[in-house]
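Me: I would like to go through the spaces in this protein and what occupies them, one question at a time.

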Amino acid sequence: MDHTVRSLISVDDLTDEDLRRLVERGAEFASGDRSRVLDGDVVGVYFSKTSTRTRTAFSSGALRLGAAVIAYGPADLQLNTGETLADTGRVMSRMLDVLVARTAGDPREMRELAASGTMAVINAMSVDEHPTQALTDLTTLRTCLGRVENVSVLYVGEGNNTAASLALALSRFPGTTLHLRTPPGYGLAEDVLARAVAHAERSGSVVREHHHMDDLPRDVDVVYTTRWQTTGTSKPDADWHRIFAPFQVTSRLWDDSPKALFFHDLPAHRGEEVTAEVLDGPASVAFDQAENKMHSAMAVLEWCRRDTSGSSPARTKSARR
Ligand code: CP
C-alpha cells in the first residue's frame, strides 16, 4: 500500500483546500471519528524545548491512529555531540515515517530534517511559527462556533509564533477579521504581517495590527491571548513587563463583546497575560482548545500519510510492512 509523505512546516505549505480539510477532520475527530490510518507506521516525537500539550497531543494522536511512537528529549540525540540536522534527518528517514519536531531555531532546521523527502516532518513549534497551534485554533472555532468563515478575533499580546500562524491561517478564510493588539516593539514580524495581509486581500478577510489598547473593536466572537514568555525566547528590554502590562486580558474586555469566547493556547500565567477570573470563567474554552490539539494532531498526521483529493502535491512511498 502506498502512503503519502507530506510535511507541514509553515501554514503557507497548505493550500486553502488543505486548510479547510484539516479543520473539518479535526472537528470530526473531536466528535468521535475513529481511524487506524497510521497502522504500522512509526512516528518519532523530538522536542528540544519543553512541551506539555503539543508533545502529548501528537504522541496520543499517533497511538490512537495505530502508529508506534518513539520519543526523543533534548538530551537524547547525537545532535548534542555535533551531528548535523541534515545527517540526523537522513538517518531518521530510513527508519521513521513521520517526525514531529520542536526545535529552537527557524524553519530551515525543519526543512533540513525533511530534506530526504521520504519522511514527513511536522513543525511542532519553531521560533517563527506554530502551525499546528493555528490548526487547533481554527478547529476550536469550528467546534465552538460552527464555522471559521466570518468570525472576528481580537488577539491581545505578543506577536509571537502562535500569533503569526493564526494570522497566516485565519486570513485565508473569507469574511474573517483578525484585530491584533500587540505591545510596541513586540508585534508580528513584518514579513508575516505582509503575507497575512496578502492572504486577506485575496480571500476577502481583514488583518489589522495596532500597538495600543484604545478603541477596541466591539462584538468580537473571540478574545485570544498567549503567555508573555513564549517558549524558547527572551526579551531584549529589561522592563518588558511595563510595556506588556496594558495588554493584560481582564473582564473589562467583555464590556464591549459580551458574547465573546476566550481562547488561550496555554500554558497560562494567571495574573500576567490574563486574570484568573477570565481564564477560569464562563467565557473560557482554553481547556477545550487544549484537548483539540490532539484531535487536530490526528488530522495533521492523517494528512501527512494519506492522499486526499484537491490537496497539495505529495510524494508517496511504499509502506514498510
Ligand atoms: N500550546 C502549546 O504549544 O503548548 P505546549 O508548549 O505545552 O506544547
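Me: From which domains does the shell around the ligand draw at least three residues each?
Reply: The model is predicted, so local features need pLDDT of at least 70 and side-chain atom pairs count only at pLDDT 80 or more, while totals for chains, interfaces and linings use all residues. Residues are numbered from 1 along each chain as its sequence is written, and side-chain values use heavy atoms, with hydrogens and water left out. With domain bounds taken from an automatic or database domain assignment, the shell draws at least three residues from each of domain 1 (11–129 + 294–320) and domain 2 (133–290).

Me: Which residues are around the ligand, and how many of the shell are charged?
Reply: Counting a residue as near if one of its heavy atoms lies within 4 Å of the molecule, the residues around the ligand are S51, T52, R53, T54, R102, H130, Q133, D265, L266 and K293. Asp, Glu, Lys and Arg count as charged, Ala, Val, Leu, Ile, Met, Phe, Trp, Tyr, Cys and Pro as nonpolar, and the others, Gly among them, as polar. By these classes the shell has one nonpolar and five polar residues, and the charged ones number four.

Me: Which residue has a side-chain N or O atom 2.8 Å from an oxygen atom of the ligand?
Reply: Polar contacts here are pairs of N or O atoms within 3.5 Å. Ligand oxygen atoms lie 2.7 Å from a polar backbone atom of T52 and 2.9 Å from a polar backbone atom of R53, whereas the contact at 2.8 Å that involves a side chain is made by H130.

Me: In which pocket does the ligand sit?
Reply: A pocket is an open set of points, on a 1 Å grid over the protein atoms alone, with protein on both sides within 12 Å along at least five of seven lines, and its lining residues have an atom within 4 Å of a point. A molecule sits in one if more than half of its atoms lie within 2 Å of its grid points. The pocket of about 230 Å³, lined by 20 residues, with R102, R227, T231, L266 and P267 nearest its centre, holds the ligand and is the second largest.

Me: What volume does the largest pocket have?
Reply: A volume is the space filled by probe spheres set on the grid points, which are joined across faces, edges and corners. For the largest pocket, whose lining has seven nonpolar, seven polar and three charged residues, this volume is about 260 Å³.

How values were computed: A polar contact is a pair of N or O atoms within 3.5 Å; within protein, one must be able to donate a hydrogen and the other to accept it, and residues adjacent in sequence count only if both atoms are side-chain atoms. On a 1 Å grid over the protein atoms alone, a cavity is a set of points where a 1.4 Å probe fits but cannot get out, and a pocket is an open set with protein on both sides within 12 Å along at least five of seven lines; lining residues have an atom within 4 Å of a point.
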